[in-house]
Amino acid sequence: MTMQIADNVSLSSPDAKSRAHAAAARNNLRTEPRAVRLVIITLAIAFLSVFVVLPLVVVFAQALSKGILAYFAALAEPEALAAIKLTLVVAAISVSLNLVFGLVAAWAVAKFEFPGKTFLITLIDLPFSVSPVISGLVFVLLFGAQGYFGGWLRDHDIQILFAVPGIALATTFVTFPFVARALIPLMQEQGTQEEEAATSLGASGLQTFFRVTLPNIKWGVLYGVLLCNARAMGEFGAVSVVSGHIRGETNTMPLLVEILYNEYQFVAAFAIASLLAMLALITLIAKTILERHLDEGQDVNDH
């Protein structure tokens, strides 16, 4: 009798109910016939193999087709080194700007109520719905020779298009939603209780941000920076419009891959492409690790 009462009490607890529901959900997932499950799993693996694994294998195979020495020789070419350097510089500029914007925008959206909040969120999502080529054309209309500010820039000898500033601007525009979009839901879920407590104890706004808000969102910040950096280094459309394709000066790694491939320099093209592929693999691994930390942080907050 005592054992039965104990069992009833344990089953009535919230944790026991949660475990029971989870077990029932797992059992429901296994109600499909074994043959159906095998077909679904096979199709998923085949799709990933054809569209993800096989292209990566081809890239590295082509890059190393003439040996490791030819591979490193292609990467050591002055034009390749210039493209790698430019890509890193542009990525550093755009990620830094987007980090500042993302923190400010996420803090404003998640912690305050103000007129135009919905409109601000819509503007943050704008680059997701606009083609990168259109984004590049917008900068051409603004800063080109016949653009709105073209005459003033020419008179003051300021070069925006076909130079690093134009490439950085286009890349920043295309990538600026990533940090903000990674932080907004995280900060909304955390609420404002800790910030209000810090303020009531006499902390200033900056002290509250750096000592309370930022430590709570550090994994979200790294997650957004990671995605932003990956997109910045791989951006093609917007950069292609504003760069001018000046060899050794305004070609980033994706642009150089296209040029080398069109010139039938396959080893060099795939060598540069392999660097971008390695970046994608590193991003995937880091993304998985950061998502795990984010999930652990959410579990701690829930408890």
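**Salt bridges, helices and a nonpolar patch in a predicted model**

With a relative accessibility of 38%, R247 counts as partly exposed. This residue makes a good starting point in what is a predicted model, as R247 takes part in a salt bridge with E79 in which the closest N and O atoms are 2.7 Å apart. E79 sits in helix α5 (residues 78-111), while R247 belongs to the loop between α15 (237-243) and α16 (253-262), so the pair ties together parts of the chain that are 168 residues apart in sequence. Like its partner, E79 is partly exposed; its relative accessible area is 22%. A relative accessible area under 20% would be needed for a residue to count as buried, so E79, at 22%, falls into the partly exposed class.

To place this pair in its setting, it helps to look at the chain as a whole. The secondary structure consists of 17 helices and zero strands. The chain has 303 residues, and 33% of them count as buried. About 18,300 Å² of the chain is exposed, and 68% of this area is supplied by carbon and sulfur atoms. Contacts between residues at least 6 apart in sequence were also considered: 71% of these join residues that are at least 24 apart.

Salt bridges deserve a closer look. Side chains of opposite charge can pair when their charged atoms come close. The structure holds five such salt bridges, and the pair of E79 and R247 described above is one of them. In another, the side chains of E113 and K117 meet at an N to O distance of 3.1 Å. The two partners differ in how much of each is accessible: E113 is exposed, at 69% relative accessibility, whereas K117 is buried, at 14%. A further salt bridge brings together the side chains of R231 and E235, with 3.0 Å from N to O. Here R231 is partly exposed, with a relative accessible area of 27%, and E235 is buried, with a relative accessibility of 3%. Salt bridges with shared partners also link E79, R247 and E263 into one network.

Turning to individual helices, α4 (residues 68-75) contains the buried residues Y71, A74 and L75. Viewed down the axis of α4, the buried residues fall within an arc of 100°, so they line one face of this helix. Helix α17 (residues 266-302) includes T283. With a relative accessible area of 9%, T283 is buried. Once neighbours within four places in sequence are set aside, the residues in contact with T283 are L226 and A230.

Helix α3 (residues 34-63) includes L48, a residue that also belongs to a nonpolar patch on the surface. The patch is formed by F47, L48, V50, F51, V52, V53 and V57, which together have about 670 Å² of accessible area. L48 itself is partly exposed, with a relative accessible area of 48%. Patch residues must have over 30% relative accessible area, so L48, at 48%, passes that cut-off.

The record offers another view of the chain. An unreviewed UniProt entry lists residues 35-61, 81-107, 119-146, 158-180 and 266-286 under "transmembrane region". In the model, residues 35-61 are 100% helix and 0% strand, with 36 Å between the end C-alpha atoms. Residues 119-146 are 79% helix and 0% strand, and in this stretch the end C-alpha atoms lie 31 Å apart.

Finally, two residues stand out in their backbone angles. Most residues other than glycine have a negative phi. D157 is not a glycine, yet its phi is positive, at about 55°. This residue lies in the loop between α9 (150-155) and α10 (164-175), and D157 counts as exposed, with a relative accessibility of 72%. F162, again not a glycine, has a positive phi of about 55°. The loop between α9 and α10 holds F162, which is partly exposed at 43% relative accessibility.

How values were computed. Residues are numbered from 1 along each chain as its sequence is written. This is a predicted model: local features need pLDDT of at least 70, side-chain atom pairs count only at pLDDT 80 or more; totals for chains, interfaces and linings use all residues. Side-chain values use heavy atoms; hydrogens and water are left out. Patches are made of residues with over 30% relative accessible area and no salt bridge: like charges are joined within 9 Å, nonpolar side chains (Val, Leu, Ile, Met, Phe, Trp, Tyr) within 5 Å. Accessible areas come from the Shrake-Rupley method with a 1.4 Å probe; for residues, only the protein chains shown count as cover. A salt bridge is a side-chain nitrogen of Lys or Arg within 4 Å of a carboxyl oxygen of Asp or Glu. Helices (H or I, at least four residues) and strands (E, at least two) are DSSP runs, numbered from the N terminus. Buried means under 20% relative accessible area, exposed over 50%, partly exposed in between (1.4 Å probe, protein chains only). Contact means heavy atoms within 4.5 Å. The arc is that of the directions from the helix axis to the C-beta atoms. UniProt positions are given in the numbering used here, feature names are shortened, and annotations may be inferred rather than shown by experiment.
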